[in-house]
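Let's take a walk through this model together, one element at a time. Have the viewer ready and follow along.

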Amino acid sequence: MSSLLYRLGRFAARRRWLVIGIWVVLVIGASLAAGGLGGTLQSTFAIPGTQAQTALDSLQQRFPQLGGASAQVVFVAPQGSGIASDAAVIGKACEGIAAVPQVTGVTCPYPMTASGATPAGNGTPKQVSSDGTMAFAAVQLSVPATSITPALVSSIEAAAEPATAAGLQVAYGGLATEATGVDWTELVGLAIAFVVLAVTFASFVAAGVPLVTALAGVGLASSSILVVAAFAPVSSTAPLLATMLGLAVGIDYALLIVSRHRAQLAAGMAVRESIAVATATAGTAVVFAGLTVMIALIGLSAAGIPFLSVMGLGAAGAVLCALLVAVTLLPAILAVLGRSLRPRVRKKAKAAAPDPARARGWGRLATAAPWVTVVIVAGALGTLAIPAGGLRLTLPDAGYDAPGSPPRVAYDLLDEGFGPGFNGPLLITADISGTLDIQNALNALDGAFGSVPGVAAVSQAFPNQALDLAVITVTPTTSPSSDETVALVRTLRDMAPAFAAKNGFTYQVTGQTALAIDISDRLEEALLPFALIVVGLSLVLLTIMFRSLAVPISAAVGYLFTVAATLGVTRAVFEWGWGANLIGAAKVGPVISFLPILVMAVLFGLAMDYHVFLVSRMREQFVTIGDAHRAVLGGFRASARVVTAAALIMTSVFASFVPGGSAVIQPLAFALAVGVLIDAFVVRMTFIPAVMMLLGRHAWWLPKGLARVLPNADIEGEAVERMLAQRDWRDADPDAATDIIRAHDLRVRDSASLTFAAAPGSLVLVHGEPADTAWILSVLAGRTGGFEGDLAVDGLLLPFDRRTVARRTAYVARRPEQPDASTLGEHLARGLRWSGLRGSALAARTHRAASVFDALVTALADGEPRDRDPGTAVSELEESELWAADVAVALAGGLRLVVIDLGDRILQGGALEVVVAQADADATLVVGTEVPPPPVARTVVVVDASAATPEPEPPVSEPPVPEEVLV
């Protein structure tokens, strides 16, 4: 990973204007597409498989007149007068509303006159408040709530204009509202982030870079979500969640990379090299952190709730954009700024690096008495988590809209004039297709629910035109989000079996209130499995990262502390009202149903971010000095500044969405802000250092069997550091530039330490155990990278340029594979085409390959010629002949380096001599054998892979070998 990011960062720095141009086109293009397609966000929710959703779907099919959304138009008389004096005006307004094409029916509180578009009505006195100051009209639409357009809303408002002109207050409930956009408070969050960055970097230019890149990522993500909304349902909360996350992680990721880049510039590293190294080292941690957040957000799909899956995917897309910006656009911008980002160096000489054991500050305090720290933190967070056990969940209705918004005004008026239950009526649908006595069925429904505790009113049951489905409305005495209403829904559903046994048919409870209850129940059921998935994922990923068992376990425990304490504090503020006025809470009551699962997903990723930033430096210190306790303090001191800045930035971004936000976003933003503070400063920077100090060296223990199977994540960029060290090694020796192979302290599998060099046109003979020899040849040919030490082939460093080396090198294994060709001639020609030969050159080289093949086959057959020609079928060739064909292709291909595993064939009739004689004069040969080779007429380097301790021996002087080096 780090090697790939190194190349990506170097490319972005070298082609900076191209990369910047591509991002400008992407962001502007996505913005124009979003504006042109005009995607509409939805504020309603649906969940398949629940009783409420099933009943609503059935209602849509069998009773289309009621299958659409319902709305209310509330009329309020001027202060000091009654509403009855304006009955005619209200009736006229109801007639106008009924004439709107997408309105299927209007139940008016006062009589309506029949017209061409509307039927006559006598009025419904129940829709007039008891004090006579308020009335409402119930409006039934033909379209679902997700399809209500601004044009439809405008038509209904225009139809009610006579009432407004007469001086009545008119409010509209149940009509779709636009999603809340980014408010000015978000700009305050960005300003705070800029201040924190400016203090951290001591540079305004450096502070502005993370903000620019974060805004670019958020712009692309938000526009993409709106584009998707033009083709699929997208919740109105999705863009806000994506904006919050995109800004927070985008700034944090850029902060980490820019910090590393500036430190390297201060140390004297060249700009482009510093950008590439920072992208490879800090960028590796950024990629891991970003993938962690994305996996957690995508994991929301496991709950099986479509709108939640869309929210998770949208937020994951924002994190992906932030990740891509950090490893592509950010390096390009850093290259444009050049050395202007280099920190100012103080003239006063600094003393030697401080001893971590003598360090003072928070890290020293937290680890001075680690048991005490662990107990205090666990007790404090456990206390904060106590309220989380009773957290009440709901789905937002109009009562959660911003105060003063049209839906909230209508909601509050209905609550005041008719009772809280009028804002959340329950709809009961009954399948009466199995009964012949329709009237008795309707009578049974009419008398079944009026005496149930918690029921304020029951409408008269009425059937559809097919007389196979009946509907009745039940109005609770309590608000839609209250526990009493939840209990009422469950009571009504529990009554269904007894009702069915008595009447021969059953019913289902539905409506938006019942649907919200079903969704909350489904989310509560998904909470524990999702928590297990997230915690399990953290254990696996951190084990891979740190190659330790204690580190992931402590991280998971700390994460659970963070989540529990965060949910406890959120409930205390938004449900109990503690300090709600201080933050301007729009609603005190149950929080939105998907808050816990979203908070768990987001905090998981962010917690792993801080854990990676902090513990990776501890591991780096431990690997360097070998003292586990000093490593904790040294790693803390090295990472505390970045983690503190990152946490403050992320907290300020999340907190900026709280003032003036909707009652849906406020608890979520508040929970994320509190969660970041708790996790960064209490868990990661207090609890984790204390635990690591307690564990000492045991913190880095991993069973050997597990260590062998786990991949190496290389989050510290060890591969890039190795590459830079190898580059220094290569460039330090002027002779290295002319050598085709140069190895220093090379160790492959169980081989001895090998140090040798081979000039162009020389012969490298590798002999030893077959397995060791095969691995060494594979490494030299760029076919595998499993080795230690330094190795350069044709000026390229391995394993970093392994693919390039493999393209430039011909390699023949000891055992040939079955060729994909029908004749020997086709096999030779096809192999040479892979070497890049075409036309006349291919024909000439194919002829030469045939000659090499004949010579090798004759040598392997103890000098006896074999009857083989280009038309010979491949299936007739023996294994040695197939191997000879591969060698012929390798030697005739014209490549500078040819690697051949000769194995035990060296004992057969001078095969080695044929290979050497048939190779191009300027080609370097690497030949593997099982036994020490005989002398041959070339400059020879002999590599003994089986020697336990390599010792140089005098050069072999027998003719005709001019030079031979034994390693």
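A good place to start is the link between Cys 94 and Cys 108, which is right-handed, with 75 degrees about the S-S bond. Their sulfur atoms are 2.3 Å apart, and a disulfide here is a pair of cysteine sulfur atoms within 2.5 Å. The structure holds 1 disulfide. Cys 94 sits in helix α5 (residues 87-98) and Cys 108 in the loop between β2 (103-107) and β3 (134-141), so the bond ties together parts that are 14 residues apart in sequence. Helices (H or I, at least four residues) and strands (E, at least two) are DSSP runs, numbered from the N terminus.

Before going on, a word on the ground rules: this is a predicted model, in which local features need pLDDT of at least 70 and side-chain atom pairs count only at pLDDT 80 or more, while totals for chains, interfaces and linings use all residues. Residues are numbered from 1 along each chain as its sequence is written, and side-chain values use heavy atoms, with hydrogens and water left out.

Are the two linked cysteines buried or exposed? Cys 94 is buried, at a relative accessible area of 0%, and Cys 108 is buried at 3%. Buried means under 20% relative accessible area, exposed over 50%, and partly exposed in between (1.4 Å probe, protein chains only).

Now turn to a pair of helices. The axes of α11 (residues 271-298) and α12 (residues 306-337) come within 8 Å and cross at roughly 175 degrees. That makes α11 roughly antiparallel to α12. Axes are lines fitted to C-alpha atoms, for helices over the stretch in contact, and angles run from 0 to 180 degrees between N-to-C directions; under 35 degrees counts as roughly parallel, over 145 as roughly antiparallel, 65 to 115 as roughly perpendicular and the rest as oblique. Residues of α11 including Val 286, Val 293 and Leu 297 take part in the contact (heavy atoms within 4.5 Å) with α12, where Leu 313, Val 319 and Leu 323 are among the partners.

Last comes an open sheet of 4 strands, ordered β13-β12-β15-β16 with antiparallel pairing. β13 and β16 (796-797) stand at the edges with a single partner strand each, so one side of each lacks a neighbour in the sheet. Two strands pair if DSSP finds at least two bridges between them. β12 (residues 741-747) has 4 bridges to β13 (residues 754-758) and 5 to β15 (residues 788-793). Helix α26 (residues 770-780) lies across β12, β13 and β15, at about 50 degrees to β15.
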